[in-house]
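Please open the model in your viewer and keep a selection tool at hand. The stops below are meant to be followed in order, each with something to select and something to look for.

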Amino acid sequence: MPRATAREVLHKAQEDLNEILDARNPIFSYVSRRILDDEMYLDAGGTVDDVRQVFLDFYERAGRERPKYFPKEPANRRFNIGKRKWRQACERGDVEFERREDHLIADFDLEPHELYSYRKTLPTKMRPEKSGRNIIVKNPDDFEEWLDMDDLTANGEDSSSGILGRLLG
């Protein structure tokens, strides 16, 4: 029996993919409708977590247990890349913090164009603004909670001994 050429295998794979893509799938429409109807988008929780909640509801309505492979918590809570990026900047000394009135000013030792990636990782409820080499956080309490200030403090000592405490003086 002759072996299939790479071109034939690729062609067959493309046909299979097209068949999948052309199939009518009501799940996307249903999930989108639920997110819109329940106004899940208003809490800025993030679309991935919203979809996850809809699927959890699917399992509950069907009377089925959540599969073992289905994560217990949203991936963005467990693997928050933005939070890690900010924490690493703190640990490296790339950023210093100063409180001015009701705001927290993050003064970076980076080029202004490099700050965009830091600003975009902040949740919208922090209301960040970029100004030169600074990012102004208009909700500093939410920022401290998001960054897990307790985790940044030295083993059970008061918060002034932690990274941000030392940076804020």
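The tour goes from the whole chain to one helix, then to the sheet and its loops.

**The whole chain**

Before selecting anything, bear in mind that this is a predicted model. Colour the protein chain by secondary structure, and you should find nine helices and four strands, which follow one another along the sequence in the pattern α-α-α-α-α-β-β-α-β-β-α-α-α. If you then colour by accessibility, buried residues make up 29% of the 169 residues. As for contacts in the protein chain with a separation of 6 or more, 42% of them are accounted for by residues 24 or more positions apart.

**Helix 2 and its partner**

Select residues 26–37 next, which form helix 2; its 12 residues reach 16 Å from the first C-alpha to the last, close to the 16 Å expected at 1.5 Å a residue. Within this selection, show the side chains of Val 31, Arg 34 and Ile 35, the buried residues of the helix. They lie on the same side of helix 2, because they cover an arc of only 100° around the axis. Turn to the face pointing away from that buried side, and you will meet the exposed residues Pro 26 and Asp 37.

Now add residues 47–61 to the selection, since the next stop concerns helix 3, against which the buried residues of helix 2 pack. Asp 57 lies in helix 3, and at 16% relative accessibility it counts as buried, given that the cut-off for buried is under 20%. Draw a distance between the side chains of Asp 57 and Arg 34, where a polar contact of 2.7 Å joins the two.

Both ends of helix 2 deserve a closer view. At its start, select Asn 25, a side-chain oxygen of which reaches to within 2.9 Å of the backbone nitrogen of Ile 27. Just after the helix, select Glu 39, which takes a positive phi of about 50°.

**The four-stranded sheet**

Move on to the strands, which make up an open sheet of four with the order 1-2-4-3 and antiparallel pairing. Select residues 95–100 and 128–131 to see the edge strands, strand 1 and strand 3, each of which pairs on one side only. Looking across the sheet, you will find neighbouring strands turned by 25° against each other on average, direction ignored.

Adding residues 134–137 brings in strand 4, which runs antiparallel to strand 3 and is joined to that strand by four bridges. One residue pair to label here is Ser 131 with its bridge partner in strand 4, Asn 134. Then select residues 81–92, which are helix 5: this helix packs on the sheet, touching strand 1, strand 2 (103–108) and strand 4, and its direction makes about 100° with that of strand 1.

**Two loop residues**

Which residue in the loop between strand 1 and strand 2 should you select? Glu 101 is the one to pick there, for it has a positive phi of about 55° although it is not a glycine. With 77% relative accessibility, Glu 101 counts as exposed.

The last selection is Arg 127, placed in the loop between helix 6 (116–121) and strand 3. Its phi is near 50°, again a positive value in a residue other than glycine, while its relative accessibility of 45% makes Arg 127 count as partly exposed.

Definitions and conventions: Residues numbered from 1 in each chain as written. Predicted model: local features only at pLDDT ≥ 70, side-chain atom pairs only at ≥ 80, totals over all residues. Heavy atoms only, no water. Expected span 1.5 Å × (residues − 1). Buried < 20%, exposed > 50% of the residue type's maximum accessible area, 1.4 Å probe, protein only. Arc of directions from axis to C-beta. Contact = heavy atoms within 4.5 Å. Polar contact = N/O pair within 3.5 Å; in protein donor to acceptor, adjacent residues only side chain to side chain. Pairing = 2+ DSSP bridges. Axes fitted to C-alpha atoms, helices over the stretch in contact; angles between N-to-C directions.
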